[in-house]
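Trainee: Please take me through one part of this protein closely. I would like to look at the strand pairing and what surrounds the sheet.

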Amino acid sequence: MNPFDDPHAEARVVIDSHGHPSLWPAACPVPFGWTTALCPAPRHEAQTYLDNHTSG
């Protein structure tokens, strides 16, 4: 299964250089230039973090 689609995999929240957050599989390296806002956690927790910390 693709790690981006696995609902049971751990995920982290990463932020690009423009301040845009994204859900990122914990099994994949963080892309160069991105920072980690939330360390690996269950995917539903990472999604909740993302939902609560994204304005718009």
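Mentor: Start with strand β1, residues 10-15, which pairs with β3 in the antiparallel sense over five bridges. This is a predicted model, so read each value as computed from predicted coordinates. Two bridge pairs show the register. Val14 has Thr36 as its bridge partner in β3. Ile15 has Thr35 as its partner in that strand.

Now turn to the other partner of β1. β1 and β2 also pair in the antiparallel sense, again over five bridges. Val14 appears here too: its bridge partner in β2 is Ser22. Ile15 stands opposite Pro21 in β2. So Val14 is bridged to Ser22 in β2 and to Thr36 in β3. The hairpin of β1 and β2 has five residues between the strands. One of its residues, Gly19, takes a positive phi near 85°.

Put the pairings together. The result is an open sheet of three strands in the order β2-β1-β3, with antiparallel pairing. β2 (21-25) and β3 (35-42) stand at the edges. Each has a single partner strand, so one side of each is left without a neighbour in the sheet. Neighbouring strands are turned by 25° against each other on average, direction ignored.

Helix α1, residues 43-52, packs on this sheet. The helix touches β1, β2 and β3. Its direction makes about 140° with that of β3. That completes the secondary structure: one helix and three strands. Along the sequence, the pattern reads β-β-β-α.

Next, take one residue of β1 as a close-up. Ala11 has its place in that strand. Is Ala11 buried or exposed? Ala11 is buried, because its relative accessible area is 1%, and the cut-off for buried is under 20%. Look at the residues in contact with Ala11, leaving aside neighbours within four places in sequence. They include Leu23, Trp24, Pro25 and Ala26. Cys39, Pro40 and Ala41 are also among them. Arg43 and Ala46 are on the list as well. A position further along the chain gives another distance to check. The C-alpha atoms of Ala11 and Glu45 are separated by 8.5 Å, with their positions 34 residues apart along the chain.

Cys39 deserves its own look. Cys39 is found in strand β3. Leaving aside neighbours within four places in sequence, Cys39 is in contact with Ala11 and Arg12. Its C-alpha atom is separated by 9.5 Å from that of Glu10, 29 residues apart along the chain. Unlike Ala11, which is buried, Cys39 is exposed, with a relative accessible area of 54%. The cut-off for exposed is over 50%. As background, side chains in a regular strand alternate between the two faces of the sheet.

Where does that leave the cysteine sulfurs? A search of the whole structure finds zero disulfides. The sulfur of Cys39 has its closest cysteine sulfur in Cys28, at 16 Å, which is too far for a bond. A disulfide needs the two sulfur atoms within 2.5 Å. Cys28 itself is buried, with a relative accessible area of 18%. So the two cysteines differ in cover: Cys28 counts as buried, whereas Cys39 counts as exposed.

Finally, step back to the whole chain. Of the 56 residues, 23% count as buried. The accessible surface comes to about 3,900 Å², and carbon and sulfur atoms hold 56% of that. The C-alpha trace spans about 30 × 25 × 15 Å along its principal axes. The radius of gyration is 11 Å, which agrees with the value near 10 Å for a compact globule with 56 residues. Contacts across the sequence complete the picture. Among contacts with a separation of 6 or more, 38% are between residues 24 or more positions apart.

Conventions:
Residues are numbered from 1 along each chain as its sequence is written. This is a predicted model: local features need pLDDT of at least 70, side-chain atom pairs count only at pLDDT 80 or more; totals for chains, interfaces and linings use all residues. Side-chain values use heavy atoms; hydrogens and water are left out. Two strands pair if DSSP finds at least two bridges between them. Helices (H or I, at least four residues) and strands (E, at least two) are DSSP runs, numbered from the N terminus. Axes are lines fitted to C-alpha atoms, for helices over the stretch in contact, and angles run from 0 to 180 degrees between N-to-C directions. Contact means heavy atoms within 4.5 Å. The radius of gyration is taken over C-alpha atoms; the globule rule is 2.2 Å times the number of residues to the power 0.38. Buried means under 20% relative accessible area, exposed over 50%, partly exposed in between (1.4 Å probe, protein chains only). Accessible areas come from the Shrake-Rupley method with a 1.4 Å probe; for residues, only the protein chains shown count as cover.
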